[in-house]
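Visitor: I'd like to look at a protein model and hear the reasoning behind the labels people put on it. Could you walk me through one?

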Amino acid sequence: MDVDFHVNSNQADAVGVLLEQNSVEYKVLFDNLQDGINAQLDGQKSKRHSYTKYNTWEKIAEWTREMAKKYPNLVKRLDIGGTTEGRPMYVLQIGKSGTSRRAVFMDCGIHAREWISPAFCQWFLIEGEEEITELLNSLTFYILPVLNIDGYVWSWTEDRMWRKNRAPTVDEECIGTDLNRNFNISWCEIGSSDEPCSEIFCGSAAESEKETQNVANFIRSHMDSIKAYITIHSYSQMLLYPFSYTYDPAPNSKELDEIAKEAVHKLHSLYGTSYVYGPSAFTIYPTSGSSDDWAYAKGINYSFTFELRDKGKKGFLLPESKIKPTCQETTLAVASIAQYVISQY
Ligand code: ARG
Ligand code: ZN
């Protein structure tokens with residue numbers, strides 16, 4: 001497979017030589033990563049919250065408050081607990097009062113640097129109106145716009161390429177647990193690391209992290225209604241379903257494959273963006289302790305991971321000008337999954 005990686009400028013020449021000596025084909029995506037960081041904010045200049053810009057956590061938090069105020073009959077803001085650094089984690093509950101016990105849970109921003117992901121959760125709620133209004137007659141959405149808030153803030157203020165949360169570890173030098181390796185499913189086995197300095201550090205125990213606990217507790221206490229779990233990442237253009245921690249097929253893998261096929265087809269219909277889909281372990285790589293496998297093991301039969309645009313050209317630094325088309329097409333895919341869920345219950 002293709003692998004994208006980042007090297008310090010003082011090592012770049014040596015790495016180039018090594019690749020050549022070993023006849024590894026390669027291409028330079030960013031000659032200077034800072035140029036890409038500077039280029040991502042190419043949208044309208046504006047100080048306000050905007051659906052077509054990347055918003056700071058402050059703006060997103062304020063936006064959740066405004067949504068609940070503006071649409072009191074449709075949107076409720078729930079606080080599911082604090083992050084490591086004490087920021088409240090907000091879930092927006094979207095639904096008509098008195099409607100069904102069926103719900104879809106969707107989180108964004110479990111990995112800090114994947115900025116298009118929180119942008120999508122915000123978009124889906126409002127700009128996705130046309131697609132979701134009808135779904136709301138039979139479904140509630142629980143939307144967690146930023147799961148890893150401390151990491152997201154860090155990616156704005158200190159290190160744009162930050163992935164993990166910001167919790168201290170036993171190693172003073174190394175901060176952060178990969179929250180998508182911290183769930184209680186085959187914890188810290190394949191595709192994860194027990195080294196605190198690793199980007200895929202699994203944490204000191206399953207659910208050791210506040211962020212993981214809050215999400216897991218929320219889902220556990222809404223198990224009677226949540227029928228689907230969707231988690232949004234970037235990048236690669238993939239739609240993944242369980243399992244990730246094993247190459248064995250999931251019990252309903254044929255059904256999951258059909259749902260993914262249809263969702264990807266809908267997504268493609270808008271701008272021709274191609275996604276690949278399939279079981280995580282084969283389609284991207286195996287991981288353990290991931291939220292999608294955990295939700296699935298809990299009994300949520302429809303569990304999906306999206307890897308949004310692009311395929312590496314801009315990677316995590318997807319320009320703001322791509323937010324709108326990316327979110328529009330993804331809305332079609334998520335709506336298609338939700339539609340299927342409705343048809344089943
Ligand atoms: N890119 C994500 C990660 O490394 C997801 C990888 C696939 N694993 C999964 N459980 N869906 O955490
Ligand atoms: Zn990710």
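Guide: Sure, and let's begin with the contacts. Take those in the protein chain between residues at least 6 apart in sequence: 76% of them join residues at least 24 apart. Keep in mind that this is a predicted model.

Visitor: What makes the protein chain as compact as a globular protein of its length?

Guide: First, the parts: the secondary structure of the chain comes to 11 helices and eight strands. The radius of gyration is 19 Å and the globule rule gives 20 Å for 345 residues, so the two are close and the chain counts as compact as a globular protein of that length. Along its principal axes, the C-alpha trace spans about 65 × 50 × 45 Å.

Visitor: How much of the protein chain counts as buried?

Guide: That comes to 45% of the 345 residues.

Visitor: Let's pick one residue. Why is Glu-307 called buried or exposed?

Guide: Count the C-beta atoms around it. A residue needs 20 or more others within 10 Å to be buried. Glu-307 has 21, so it's buried. You'll find Glu-307 in strand β8, which runs over residues 302-308.

Visitor: What does the UniProt annotation say about Glu-307?

Guide: The UniProt entry, which is unreviewed, has an "active site" annotation covering Glu-307.

Visitor: And which residues is Glu-307 in contact with, leaving aside its neighbours within four places in sequence?

Guide: A run of them: His-233, Ser-234, Tyr-235, Ser-236, Gln-237 and Met-238. Two of these also meet at a special bond, since the peptide bond from Ser-234 to Tyr-235 is cis.

Visitor: How do you know that the bond from Ser-234 to Tyr-235 is cis?

Guide: Its omega angle is near 0°. Tyr-235 is found in the loop between β5 (226-234) and β6 (238-241). There's a cis bond joining Arg-309 and Asp-310 too, with omega about 0°. Asp-310 is in the loop between β8 and α11.

Visitor: Now the ligand. What surrounds ligand 1?

Guide: His-233, from the contact list of Glu-307, turns up around ligand 1 as well. The rest of the shell is Asn-180, Leu-240, Ser-244, Ser-280, Ile-284, Thr-287, Ser-290, Asp-292, Asp-293 and Thr-305.

Visitor: How do the residues of the shell around ligand 1 divide into nonpolar, polar and charged?

Guide: There are two nonpolar, seven polar and two charged residues.

Visitor: What about the largest nonpolar core: how many residues does it have?

Guide: It has 87. Those with the most contacts inside it are Val-104, Phe-120, Ile-143, Ile-230, Leu-239 and Ile-337. Take Ile-337: setting aside neighbours within four places in sequence, its contacts are Ala-228, Ile-230, Ile-259, Ala-263, Tyr-302 and Phe-304.

Visitor: How do you know that helix α4 is mostly covered?

Guide: Of its 11 residues, 10 are buried. Among them are Phe-120, Trp-123 and Phe-124. The helix covers residues 116-126.

Visitor: And what makes Cys-188 partly exposed?

Guide: The buried label starts at 20, and 12 or fewer would mean exposed. Cys-188 has 19 C-beta neighbours inside 10 Å, so it counts as partly exposed. It's in the loop between α6 (149-157) and α7 (210-221). Its phi is near 60°, a positive value in a residue other than glycine.

Visitor: What is the phi of Glu-207?

Guide: Positive, about 55°, although Glu-207 is not a glycine. It lies in the loop between α6 and α7. With 19 C-beta neighbours inside 10 Å, Glu-207 counts as partly exposed.

Visitor: Why is Ser-155 called buried or exposed?

Guide: Ser-155 has 22 other C-beta atoms within 10 Å, so it is buried. Its place is in helix α6. Leaving aside neighbours within four places in sequence, Ser-155 is in contact with Ala-112, Arg-113, Arg-160 and Trp-162.

Visitor: One last residue: why does Gln-339 count as partly exposed?

Guide: It has 19 C-beta neighbours inside 10 Å, so that's the label it gets. Gln-339 is in helix α11. Its C-alpha atom is separated by 28 Å from that of Tyr-245, 94 residues apart along the chain.

Conventions
Residues numbered from 1 in each chain as written. Chains lettered and ligands numbered in written order. Predicted model: local features only at pLDDT ≥ 70, side-chain atom pairs only at ≥ 80, totals over all residues. UniProt positions renumbered as here; feature names shortened; annotations may be inferred. Helix = DSSP H or I, 4+ residues; strand = E, 2+ residues; numbered from the N terminus. Contact = placed C-beta atoms within 7 Å. Rg over C-alpha atoms; globule rule 2.2 N^0.38 Å. Near = placed C-beta within 6 Å. Nonpolar A, V, L, I, M, F, W, Y, C, P; charged D, E, K, R; others polar. Core = buried A, V, L, I, M, F, W, Y, C linked by C-beta atoms within 7 Å.
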